[in-house]
Amino acid sequence: MSIKRLADEAGDTLTLLDVDGFLFAPDLTEDVIKGLKKFPFRDDDVMVCSYPKSGCHWVWEILRMLQEGTIDVPLQEKEDLMMEWKTPEFMDKFPSPRVLNNHVLLKHLNPELFEKKIKIVMVIRNPKDVAVSFYHHHKKLVEYDYKGKFENYVRHYLEGKVDGCCVFDYTREWEREIADHPEHPILVLSYEDMKEDLEREVKKIGKFLGKSYEEAFYKKIADKCTFKKMRDRKGAVYSEWGDNIFYRKGEVGDWKNWFTVAHSEMCDRICDEKMAGSKISFRYTLNNTETNNNNAGS
Ligand code: A3P
């Protein structure tokens with residue numbers, strides 16, 4: 001284990017914790033991370049897995065409502081059930097059914113999850129919007145001690161010198177694991193599909209969980225989990241972390257305000273190389289921008 005200060009293209013450094021080659025926020029602890037291999041799953045746990053900044057908070061909140069059968073879930077930080085952050089003892093305080101979450105790979109987790117058939121909802125997001133969101137995350141959270149400019153950050157991010165690993169390596173590794181465990185219940189969602197039609201995606205998750213709620217309940221969840229409503233309800237929970245860390249803009253295509261043509265081409269090139277043969281394709285824009293705006297603003 002070591003704390004690393006990884007320099008971007010201009011020499012500004014981002015501080016991270018390296019545990020066996022996988023990177024984490026510097027305030028995480030090695031013991032908790034290594035303990036993931038022995039994490040005591042409950043039979044009725046479900047788990048959200050995602051690359052950072054891909055919509056984990058969003059899906060976590062929806063899953064809680066679906067699991068509890070109500071939209072009036074208590075105000076709670078997702079981080080209370082973030083497996084690489086909190087100890088199993090801490091998480092044991094929470095009643096079933098728990099909605100766990102993490103940004104690690106399946107190989108980091110207790111393989112008992114396969115025997116227990118722990119349901120996994122994986123969420124992916126296009127890597128350009130992730131870059132912009134991650135950049136703000138790194139700049140705003142003091143523990144990273146990062147002061148760089150976006151133009152010098154893009155390559156750094158694409159090379160995977162950020163929490164986790166390279167976004168493409170993360171996605172490919174998960175895709176391989178899913179293919180290797182065809183019998184395991186894993187649902188893959190995309191941030192963009194959720195922005196396009198949240199009610200449709202909420203129903204999809206409900207079906208995956210084996211729920212058979214009335215149509216009206218799915219609609220209520222979708223209404224309560226628009227970007228604006230979630231930010232209004234939950235933003236304050238995170239105020240001590242900084243300004244709008246987890247509820248920043250909530251759009252598809254914000255990358256166009258940040259990427260140069262050269263950045264975009266570099267990202268596409270690396271994506272083509274790393275994702276060759278993959279069945280996953282990223283959505284960089286929504287055809288119906290009205291839908292995007294409606295979701296963001298309603
Ligand atoms: P932006 O920084 O682009 O706004 P994670 O939860 O995995 O950290 O992802 C954070 C991203 O999800 C942020 O993206 C955040 O604004 C966005 N997000 C959170 N809740 C959302 C919601 N209800 N609808 C759309 N986007 C949401």
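This section describes the strand pairing, helix packing, salt bridges and backbone geometry of a predicted model.

Two open sheets are described here. In one of them, four strands follow the order β5-β4-β6-β7 and pair in parallel. Its edges are formed by β5, residues 99-102, and β7, residues 186-190, and each of these two strands pairs on one side only. From one strand to the next, the twist averages 20°. The pairing of β4, which spans residues 46-50, with β5 is parallel and consists of four bridges. Within this pair, Cys49 of the sheet stands opposite Asn102 in β5. Helix α9, formed by residues 198-208, packs on the sheet and touches both β6 (119-124) and β7. The direction of α9 makes about 175° with that of β7; an angle over 145 degrees counts as roughly antiparallel, so α9 and β7 fall in that class.

The other sheet, also open, has three strands in the order β1-β2-β3, with antiparallel pairing. Strands β1 (2-7) and β3 (22-24) occupy the edges; each has a single partner strand, so one side of each has no neighbour in the sheet. The twist in this sheet averages 45° from one strand to the next. Strand β2, residues 13-19, is joined to β1 by six bridges, and the two run antiparallel. Ile3 has Leu17 in β2 as its bridge partner.

Helix α9 also takes part in a helix pair. Its partner is α2, residues 56-68; the two pack at an angle of about 55°, and their axes are 10 Å apart. This angle makes α2 oblique to α9, and the crossing of the two helices is right-handed. On the α2 side, the residues in contact are Trp58, Ile62, Leu63 and Leu66, which meet Leu198, Val202, Ile205 and Gly206 in α9. By class, seven of the contact residues are nonpolar, one is polar and none is charged. The polar residue is Gly206, because glycine is counted as polar in this classification.

A second helix pair consists of α5 and α6, the latter formed by residues 150-158. These helices pack at an angle of about 115°, with a separation of 10 Å between their axes. The crossing of α5 and α6 is right-handed. Helix α5 contributes Pro127, Val130, Ala131, Val132, Phe134, Tyr135 and His138 to the contact, and α6 contributes Phe150, Tyr153 and Tyr157. Nine residues of this contact are nonpolar, one is polar and none is charged. His138 is the polar one, because histidine is not among the residues counted as nonpolar or charged.

In a third pair, helix α7 (residues 167-180) packs against α12 at an angle of about 25°, and the axes are 10 Å apart. The two helices are therefore roughly parallel to each other. Helix α7 passes α12 in a right-handed crossing. The contact involves Phe168, Asp169 and Arg172 of α7 together with Cys267, Ile270, Cys271 and Lys274 of α12. Its residues divide into four nonpolar, no polar and three charged. The charged residues are Asp169, Arg172 and Lys274, because Asp, Lys and Arg belong to the charged class.

Side chains of opposite charge can pair when their charged atoms come close. In the whole structure, a search finds 30 salt bridges. One of them is formed by Asp268 and Lys128, whose closest N and O atoms are 2.9 Å apart. Asp268 belongs to helix α12 (residues 261-274) and Lys128 to helix α5 (residues 127-140), so this salt bridge ties together parts that are 140 residues apart in sequence.

Two features of the backbone remain. Most residues other than glycine have a negative phi, and most peptide bonds are trans. The peptide bond from Ser96 to Pro97 is cis, and its omega is near -5°. Pro97 is located in the loop between α3 (88-91) and β5. Lys53, a residue other than glycine, has a positive phi, near 70°. Lys53 is placed in the loop between β4 and α2.

Methods
Residues are numbered from 1 along each chain as its sequence is written. This is a predicted model: local features need pLDDT of at least 70, side-chain atom pairs count only at pLDDT 80 or more; totals for chains, interfaces and linings use all residues. Side-chain values use heavy atoms; hydrogens and water are left out. Two strands pair if DSSP finds at least two bridges between them. Axes are lines fitted to C-alpha atoms, for helices over the stretch in contact, and angles run from 0 to 180 degrees between N-to-C directions. Contact means heavy atoms within 4.5 Å. Angles under 35 degrees count as roughly parallel, over 145 as roughly antiparallel, 65 to 115 as roughly perpendicular and the rest as oblique. A crossing is left-handed if the near helix is turned anticlockwise from the far one by less than a right angle, and right-handed if clockwise. A salt bridge is a side-chain nitrogen of Lys or Arg within 4 Å of a carboxyl oxygen of Asp or Glu.
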